[in-house]
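Open the model in a viewer and keep the selection tool at hand. The stops below go from one selection to the next.

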Amino acid sequence: MATPKSAQLQSPVDRNLQNVVLGDLLFQPWNQSIYPEDLVAKDTERLYVCRWCFRYTCDADIFDQHRKACEHRTTPPGTKVYDHGGYAVWEVDGQDYKLFGQNLSLFAKLFLDHKTVFFDVATFLYYILTFTDPDDHESYHVLGFFSKEKLSWDANNLACILIFPPYQHKQLGKLLMGVSYKLSGWDSNGGPIGGPEKPLSELGHKSYVRFWAERIARFLLRGKPTNSSLDPVQQKPNSTPKGSRKRPPRETMTVEELGLGTGMLTEDVITALKSMGLFDPQATPKKRKSNRTGSGEDPTPPGQTVTIQKSDVWDWAQAHHLVWEDPVCESGFEGLWPPVIASEEESHRDALEED
Ligand SMILES: [Zn+2]
């Protein structure tokens, strides 16, 4: 069979699956498929995947029949937790929807190279991002998802994240990252501060660093992101007085304070500040050591003070075209989050009383 031209443009990866059809969209996998070998054998030309439930087949007729009868055709599984501007996020419990979780994982693995796909889906929650065309309420598109361990000892608020290739470069990853932070509950009830599971892929790292940097810049320049009790730099009482000479004064915060204000882990705050060129531990106002030239080490442990100059944050924001609006709309969350199941609440209360 002749090789299609498009395949010649791809890097010469030995893919066992050449193309995947998600709903009406045809595109190429990035990685080896781990679909069952009796179905996706070597050099399978095309695999059809349902865009609602992620069931799969190589048979176009079976696929057509399924599309008309899919049980999730009009409504995604799970519970809607966010809805704004046509975009919605649904929480799907892997325990309740095992087949859905497994099929979603198989599909995602075509585009995630370093993460192990966990088939023990019962221990995960899946948050799927959907878009419903306002002119077509009959059905919806799943654009991507993130998964989260139900019980994470490392306070990970996210395990895997993927925006499907046809929908990438639309800032949708930031929307899901924002939702993951919101759901970790730090801002509403002082819940744990969390972050994504490490190590991140190269692409994941790049995306997160940008997301964190923007989150910090918004916090420092505008306040928020939500009900933080911490004043942002610009609201400090002794910030730049009118008519001050030359440069505005440096403002000081600790990395931990920045973490508390943004719901981020201190290690992630440091990573973001470094990427912004704002991590300047040697320029602490009280003891600046001029004889120390830049060494590779980071002498500032998380609790120590870093100095941040507001004008530098402004410069960064302008140079990087910071979008001022938070990627997540606060009013888009449905109900109270994080959800507290009555029995959990009681057992938590019992635990407290025992103390
Ligand atoms: Zn289906």
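Two residues are in contact if their C-beta atoms, placed from the backbone, lie within 7 Å. This is a predicted model, in which local features need pLDDT of at least 70 and side-chain atom pairs count only at pLDDT 80 or more, while totals for chains, interfaces and linings use all residues. Residues are numbered from 1 along each chain as its sequence is written.

**Stop 1: Glu149**

Select Glu149, which sits in strand β8 (residues 141-149). Helices (H or I, at least four residues) and strands (E, at least two) are DSSP runs, numbered from the N terminus. Leaving out neighbours within four places in sequence, Glu149 is in contact with Thr123, Phe124, Asn156 and Ala159. Is Glu149 buried or partly exposed? Glu149 has 16 other C-beta atoms within 10 Å and is therefore partly exposed. The cut-offs are 20 or more such atoms for buried, 12 or fewer for exposed, and partly exposed in between, with C-beta atoms placed from the backbone. Now add Cys160: its C-alpha atom is 9.7 Å from that of Glu149, and the two are 11 residues apart along the chain.

**Stop 2: strands β5, β6 and β7**

Select β5 (residues 79-84) and β6 (residues 87-93), which pair in the antiparallel sense over five bridges. Pairing requires that DSSP finds at least two bridges between two strands. Thr79 stands opposite Glu91 of β6. The hairpin of β5 and β6 has two residues between the strands, and Gly85 there takes a positive phi near 60°. Next, add β7 (residues 124-131), which pairs with β6 in the antiparallel sense over seven bridges. Here Ile128 of β7 is the bridge partner of Trp90.

**Stop 3: the nonpolar core**

A nonpolar core is a set of buried Ala, Val, Leu, Ile, Met, Phe, Trp, Tyr and Cys residues joined through C-beta atoms within 7 Å. The largest one has 71 residues, and Val49 and Ile216 have the most contacts inside it. Helix α6 (residues 202-222) gives the largest share of this core, eight residues. Select Ile216: beyond four places in sequence, its contacts are Leu258, Thr262, Val269, Ala272 and Leu273.

**Stop 4: helices α6 and α7**

Add α7 (residues 255-262), which packs against α6 at an angle of about 95°, with the axes 10 Å apart. Axes are lines fitted to C-alpha atoms, for helices over the stretch in contact, and angles run from 0 to 180 degrees between N-to-C directions. The two helices, α6 and α7, are therefore roughly perpendicular, a term for angles of 65 to 115 degrees. Arg215, Ile216 and Phe219 of α6 meet Leu258, Gly261 and Thr262 of α7 in this contact.

Conventions: Parallel < 35°, antiparallel > 145°, perpendicular 65-115°, else oblique.
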